[in-house]
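What follows is a walk through the helix packing and the sheets of one protein chain. Please keep the structure open beside the text.

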Amino acid sequence: MTSSPVYLDAATAAPLHPVARQALLAALDDGWADPDRLYSQARRARQLLDAAREATAETLGVRPDELSFTASGTSAAHSAVLGGLRGRRRAGRVLVHSAIEHSAVLHAAEQHVAGGGTAVEVPVDRLGRLDLDAWSAAVTGAEVASAALIAASHEVGTVQPVEAAAAACARVGVPLHVDAAQLVGRVPVPPGWSVLTASARKWGGPPGVGLLVVRKGTRWESPWPADERESGRTPGTLNLPAVVAAAASLRAAAADAAAQATRLSALVDRIRARVAAEVPDVEVVGDPEHRLPHLVTFSCLYVDGEALLHALDRRGFAVSSGSSCTSSTLRPSHVLEAMGVLSHGNVRVSLHTGSTEADVERFLTELPGIVADLREQAGVTGL
């Protein structure tokens, strides 16, 4: 009898929340019209959009007119970075960011540099935590227009000192963009930021919906061609049924977030302890205390990362990796590289509301044998 698959990659995309499914199906019938038109179907679509915005803003603790929906978390991050730089171009052309930002932020930074701007990268320690002294020095430098900090590492789970980093920015009047994709719907977002982004698929909403929040008083200007939708912050027509589903699932996820954080954190503790004890030559990475409740990453020496992921997949486990051989770039994860930790045989396990104790136990039971088999195939046993 074949065991059922175990999905352990919620940090990439959580399974669709039941509330999202219900809302999506209802909105497909009721929210297909253009909310900017005046006829009755359009007015109904406008009601749905306004209600989704108000519900999402309430969950985030922001004003509805500060919130825009985007086509994805990536497009929200691009808008946040490039719009923040554009809005503050008179102040300077320097962007400060951590060394472990999501690739969406780093790609926006690359575009800024290609256009003649400057990007200053701030290091992290071996646990993946921001060097606050270096951050404070960087944001007080000349001609700094904007700063970007991921709220918690999407690869290793280390939660960043956002409030302290924001305070350093506030002292010199530099707006801070926080990528809160791994926090929203799971744990409270620290205060102090000027621009915030998130992605619906991380909390169990549908793919294709991102959040862009620009606080009142923040100098931000859309980097895209003019568009009248979403207060001019994001171009194009929204996928309204998906937006409605994202808002409904966010409210449901946030209501259950504290209980889920307690439950999943205990399972992650078990994974951290058992992997370290039962798999030889392994390094569990990330901060053991200041971390996301649902995510754990470890690296196995003498194991090819791609081979390990395929072996786990054959046994029914869907996990992710940041090691070089899981992407076409053949380059180690920039996050693990910045931390100075082992990047070989890297596995990221991220849990969701449907993850069970039995799923985790099965994974922990089978992992040591899978790693041992791969090492034997590579001829590196007994080292």
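Axes here are lines fitted to C-alpha atoms, for helices over the stretch in contact, and angles run from 0 to 180 degrees between N-to-C directions. The model is a predicted one. Two packed helices are described by the angle between their axes and the distance between the axes.

Begin with helix α1 (residues 18-30) and helix α7 (residues 240-255), whose axes come within 8 Å of each other and cross at roughly 150°. Angles over 145 degrees count as roughly antiparallel, and the crossing angle therefore makes α1 roughly antiparallel to α7. The crossing of α1 past α7 is right-handed. On the α1 side, the residues in contact are Val19, Ala20, Ala23, Leu24, Ala27 and Leu28. They meet Pro241, Ala242, Val244, Ala245, Ala248, Ser249 and Ala252 of α7. Sorted by class, this contact of α1 with α7 holds twelve nonpolar residues, one polar residue and no charged ones.

The loop between β1 (6-7) and α1 contains His17. Is His17 buried or exposed? With a relative accessible area of 17%, His17 is buried, since the cut-off for that class is under 20%. Leaving aside residues up to four places away in sequence, His17 touches Gly204, Ser249 and Ala252. Ser249 and Ala252 are also among the α7 residues that meet α1.

A second helix pair is formed by α5 (residues 132-139) and α6 (residues 162-171), which pack at an angle of about 25° with their axes 9 Å apart. Angles under 35 degrees count as roughly parallel, and α5 and α6 are therefore roughly parallel to each other. As α5 passes α6, the crossing is right-handed. Leu132, Trp135, Ser136 and Val139 of α5 meet Ala164, Ala165, Ala168, Cys169 and Arg171 of α6. The residues of this contact of α5 with α6 divide into seven nonpolar, one polar and one charged.

Now turn to the sheets. Strands of a sheet pair through backbone hydrogen bonds, either parallel or antiparallel. In what order do the seven strands of the open sheet with mixed pairing run? The order is β2-β8-β7-β6-β5-β3-β4. At the edges are β2 (67-70) and β4 (118-122), each of which pairs on one side only. From one strand to the next, the twist averages 20°.

Starting from the β2 edge, four bridges join β2 to β8 in an antiparallel arrangement. Leu67 has Val213 in β8 as its bridge partner. Helix α2 (residues 40-60) lies across β2 and β8 and runs at about 115° to β2.

Next in the order comes β7, joined to strand β8 (residues 210-214) by five bridges, the two running antiparallel. Within this pair, Thr197 stands opposite Leu212 in β8. Strand β6 (residues 176-179) runs parallel to β7, and three bridges join them. Here Val178 stands opposite Leu196 in β7.

How many of the five residues of strand β7 (residues 195-199) are buried? Five of the five are buried, so the strand is largely enclosed by the rest of the structure. In a regular strand the side chains alternate between the two faces of the sheet. Both faces of β7 are covered, with Val195, Thr197 and Ser199 buried on one side and Leu196 and Ala198 buried on the other.

Farther along the sheet, helix α4 (residues 103-114) lies across β3 (94-98), β4, β5 (144-150) and β6, and runs at about 155° to β3.

A separate paragraph is due to the open sheet of three strands, which has the order β9-β10-β12 and antiparallel pairing. Its edges are β9 (282-285) and β12 (346-350), each with a single partner strand, so one side of each has no neighbour in the sheet. With direction ignored, neighbouring strands of this sheet are turned by 20° against each other on average. Five bridges join strand β10 (residues 295-300) to β12, and the two run antiparallel. Val296 has Val349 in β12 as its bridge partner. Helix α8 (residues 257-278) lies across β9, β10 and β12, running at about 155° to β9.

Conventions:
Residues are numbered from 1 along each chain as its sequence is written. This is a predicted model: local features need pLDDT of at least 70, side-chain atom pairs count only at pLDDT 80 or more; totals for chains, interfaces and linings use all residues. Side-chain values use heavy atoms; hydrogens and water are left out. Buried means under 20% relative accessible area, exposed over 50%, partly exposed in between (1.4 Å probe, protein chains only). Two strands pair if DSSP finds at least two bridges between them. Angles under 35 degrees count as roughly parallel, over 145 as roughly antiparallel, 65 to 115 as roughly perpendicular and the rest as oblique. A crossing is left-handed if the near helix is turned anticlockwise from the far one by less than a right angle, and right-handed if clockwise. Contact means heavy atoms within 4.5 Å. Ala, Val, Leu, Ile, Met, Phe, Trp, Tyr, Cys and Pro count as nonpolar, Asp, Glu, Lys and Arg as charged, and the others, Gly among them, as polar.
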